[in-house]
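User: I am new to this structure and would like a close look at one part of it, the site where the ligand sits. Please go through what surrounds the ligand and what can be said about the residues there.

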Amino acid sequence: MSSETKHKIDACFSPHLYPVYADAESIVVVIDVFRATSAICVAFHYGADKIIPVASVEEAMQYKQQGFLAGAERDALKLDGFDFGNSPYDYMGDHVKGKTIALTTTNGTQAIEAARNAYKVVVGSFLNIDVLCEWLLKQNRGIILLCSGWKNKFNMEDALYAGAITEKIFDQSDKFTLGDGCLALKYLYQQAKHEPIKFLVHASHKERLSRLGLKKDIKYCLTPNQAPVIPILEGKYLVKLKL
Ligand code: MLT
């Protein structure tokens with residue numbers, strides 16, 4: 001296959017940079033390993049019907065007041081008055097089954113908002129990595145790995161995951177070329193993959209979550225394939241892609 005017919009995978013390190021990477025054809029994978037996209041995968045794995053990702057706390061509260069379940073997190077803390085925060089453990093159990101849940105988080109739902117008009121927007125985490133890569137490989141499209149980062153800054157765990165996706169896809173197919181962002185993250189992942197927790201030891205959000213006593217969340221969010229579902233944006237809703 002000539003390079004002209006290949007599709008590009010690239011990594012965007014922050015929602016603020018997304019307009020520079022956006023195109024009308026590519027699939028966007030939104031990534032917020034700690035913890036929004038991990039929590040979203042878990043909610044669908046436990047049977048949630050829809051998630052309404054919203055940028056502001058006010059919007060999430062409006063949904064709550066209309067009778068929806070609602071999750072809200074800022075600076076890694078659950079906000080008062082909401083049903084859930086942003087821990088994957090909040091979304092495990094029958095209480096989410098069949099429910100529509102509004103969700104706002106510091107970074108993850110902002111990244112979804114930034115990419116809303118893309119050709120397709122799907123949600124990625126280590127929890128769904130294999131099923132997502134298998135699906136991406138079948139799509140014959142360019143891929144933009146949109147890292148949510150932290151308040152529009154680069155972060156290590158999203159970069160690590162983008163590197164993991166890149167390696168998995170690039171090793172299994174000759175249909176892709178890599179943008180420089182992806183190339184860098186592929187090398188990063190090669191350094192980190194045998195001991196990801198050790199690699200992330202000084203990562204800012206890992207330290208933040210550790211300070212808050214959330215080491216259990218960190219470990220879980222780095223454990224591959226615990227929630228093999230693909231959340232996809234359809235209009236204002238995230239739904240579980242039928243495979
Ligand atoms: C976010 O969306 O900002 C993060 O997932 C923060 C968190 O860990 O709760």
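Analyst: What follows describes the ligand site and then the chain around one of its residues. The model is predicted, and the distances and areas below are computed from it.

The ligand has 14 residues around it. Asp32, Arg35, Asn86, Thr105 and Asn107 are the closest of these. Sorted by type, the shell holds six polar residues, five nonpolar ones and three charged ones.

Oxygen atoms of the ligand take part in several polar contacts. In one of them, a polar atom in the side chain of aspartate 32 is 2.6 Å from a ligand oxygen. Threonine 105 also contributes its side chain, with an N or O atom 2.6 Å from an oxygen atom of the ligand. Glycine 108 takes part through its backbone: an N or O atom there lies 2.9 Å from a ligand oxygen. The ligand on its own would expose 270 Å², and the protein buries 100% of that area. The space that the ligand takes up is the largest cavity.

Arginine 35, listed above among the closest residues, deserves a separate look. This residue lies in the loop between E2 and H2. The peptide bond that joins phenylalanine 34 to arginine 35 is cis, with omega at about 0°. The side chain of arginine 35 also forms a salt bridge with that of aspartate 217, at 2.9 Å from N to O. This salt bridge links distant parts of the chain, as aspartate 217 belongs to helix H10 (residues 215–221) and the two partners are 182 residues apart. On the arginine side, the loop runs between strand E2 (27–31) and helix H2 (36–45). In the whole structure, the search finds nine salt bridges.

To sum up, the ligand is 100% buried by the protein, and arginine 35, one of the closest residues to the ligand, is joined to aspartate 217 by a salt bridge.

Terms used:
Residues numbered from 1 in each chain as written. Predicted model: local features only at pLDDT ≥ 70, side-chain atom pairs only at ≥ 80, totals over all residues. Heavy atoms only, no water. Near = heavy atom within 4 Å. Polar contact = N/O pair within 3.5 Å; in protein donor to acceptor, adjacent residues only side chain to side chain. Areas by Shrake-Rupley, 256 points an atom, 1.4 Å probe, with all protein chains shown as cover. 1 Å grid on protein atoms, 1.4 Å probe; cavity = no way out; pocket = protein on both sides within 12 Å on 5 of 7 lines; lining within 4 Å. Sits in = over half its atoms within 2 Å of the grid points. Nonpolar A, V, L, I, M, F, W, Y, C, P; charged D, E, K, R; others polar. Salt bridge = Lys/Arg side-chain N within 4 Å of Asp/Glu carboxyl O. Helix = DSSP H or I, 4+ residues; strand = E, 2+ residues; numbered from the N terminus.
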